[in-house]
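Q: I am new to this structure and should be grateful for a close look at a single part of it. Please describe how that part is built into its surroundings.

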Amino acid sequence: MDSSASRNGVDGSTFRLDRKDPYLRLQHVSIFVRDQDRSLRFYLDQLGFSLVGDARLQSGDRWVAVAPPDGTAVLSLVTPKPGSEEYKLIGRPTQVVFITEDVAAKFREWSKRGVRFHRVPRLKRIKYEPQPAKSAAASGAGEAMSPGEQSPIWGGTFAAFKDLDGNSFGLMSFDHVSREIEAQRRALAEKLEAERRVAQELEIAKQVQARLFPQTLPPLRTLEYAGICLQAREVGGDYYDFLELGRERLGLVIGDVAGKGIAAALLMANLQANLRSQCAIALDQPQRF
């Protein structure tokens, strides 16, 4: 994918239908467990995952799948037959790594729920910079690493935890991903606030426009009449009015501005103001009015 969010590890959208290439994504990763019901409760209750599917296949096997709250990754909880090669994989490292914006927060949350961590995150993030073609020790930069461990070129935090069967998972954060997520959150908050302000302003405009319609009915002995206007949107260009033209004459006005919304409402208000300001002409010169 060519979006910056995807390059940074942030899942921007489940579907990319703007591409000409055939649609392709990861369907699921199998996690081998001893008891599907017991494992299902762990992933739902302790990790806060969502249930993707729980069905019986034609083979008679049960298919149970869960997924973290964000993203499209799906874990399929499989109970292999005892003695099979897959059964031997239970309790092994899965090579599955989850990404979060705050490893320390997830560590505290999941630890309270009884999740076992066998690698505790460093609460203080250490950022590493790419080194030139010489050792980190020679440059004096970075942090001392254990034998066989290389200094990563990313800044972030890493932890590891196990499920009820001892299957091991990684939990990782990248500084640039956290910044991207925070930027998206700010953008979303600003968008919601802008939408809230627009909705509030439209509600005020709706109330103002409602006051432009007749609030009282000019008395007329020979006619009973009434009117109401229900706009298709909050405001619009539909207009009616009752004008008292004197000498027991009544002007019935019906108007409809082409279009809808704010622009039509402004034209409607302009029409209403002009008619009411000039209707006095009708007392003596109705044809001119």
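A: In this predicted model, three bridges join strand β6 (residues 116-119) to β7, and these two strands run antiparallel. One point of this pairing can be named: R116 has K162 in β7 as its bridge partner.

Strand β7 also pairs with β8, again in the antiparallel sense, over seven bridges. Within this pairing, the bridge partner of G156 in β8 is F174, and F161 stands opposite F169 of β8. The two strands β7 and β8 form a hairpin with five residues between them. In the turn of that hairpin, G166 has a positive phi of about 85°.

Strand β8 has a further pairing, with β5; four bridges join the two, which run parallel. Here P93 has S168 in β8 as its bridge partner.

Burial may be considered next. Five of the seven residues of β7 are buried, so β7 is largely enclosed by the rest of the structure. For β8 the count is seven of the seven residues, so β8 too is largely enclosed by the rest of the structure. The side chains of β8 can be sorted by direction: S168, G170, M172 and F174 point one way from the strand, while F169, L171 and S173 point the other way, and all are buried.

F161 deserves separate attention. Leaving aside its neighbours within four places in sequence, F161 is in contact with a list of residues that includes F169, G170 and L171. Also among its contacts are N167 and S168, as well as L47, F98 and W110. The contacts of F161 further include V115, R116, F117 and H118.

The setting of F161 is the nonpolar interior. In soluble globular proteins, nonpolar side chains tend to be buried together. The largest nonpolar core of this model has 23 residues, and those with the most contacts inside it are Y43, L75 and F161. At least two residues of this core are supplied by each of α2 (36-46), β3, β4, β5 (93-99), α3 (103-112), β7 (156-162) and β8 (168-174). Its largest share, four residues, comes from α2. A second, separate core has 15 residues, including F213, Y240, L250 and A264.

A264 leads to helix α6, where it is one of the buried residues; the others are G261, A265, M268, Q272 and L275. These buried residues cover an arc of only 100° around the axis, which puts them on the same side of α6. The cover over them includes α5 (175-212), β9 (238-246) and β10 (249-256). On the face of α6 turned away from its buried side are the exposed residues A263, L266, L267 and S277. The length of the helix can be checked as well: at 1.5 Å a residue, the 18 residues of α6 (residues 261-278) should span 26 Å, and its end C-alpha atoms are 26 Å apart, which agrees.

To return to the strands with which this account began: β7 is joined to β6 by three bridges and to β8 by seven, while β8 is also joined to β5 by four.

Key: Residues are numbered from 1 along each chain as its sequence is written. This is a predicted model: local features need pLDDT of at least 70, side-chain atom pairs count only at pLDDT 80 or more; totals for chains, interfaces and linings use all residues. Side-chain values use heavy atoms; hydrogens and water are left out. The expected span of a helix is 1.5 Å times one less than its number of residues. Buried means under 20% relative accessible area, exposed over 50%, partly exposed in between (1.4 Å probe, protein chains only). The arc is that of the directions from the helix axis to the C-beta atoms. Contact means heavy atoms within 4.5 Å. A nonpolar core is a set of buried Ala, Val, Leu, Ile, Met, Phe, Trp, Tyr and Cys residues joined through side-chain atoms within 4.5 Å. Two strands pair if DSSP finds at least two bridges between them.
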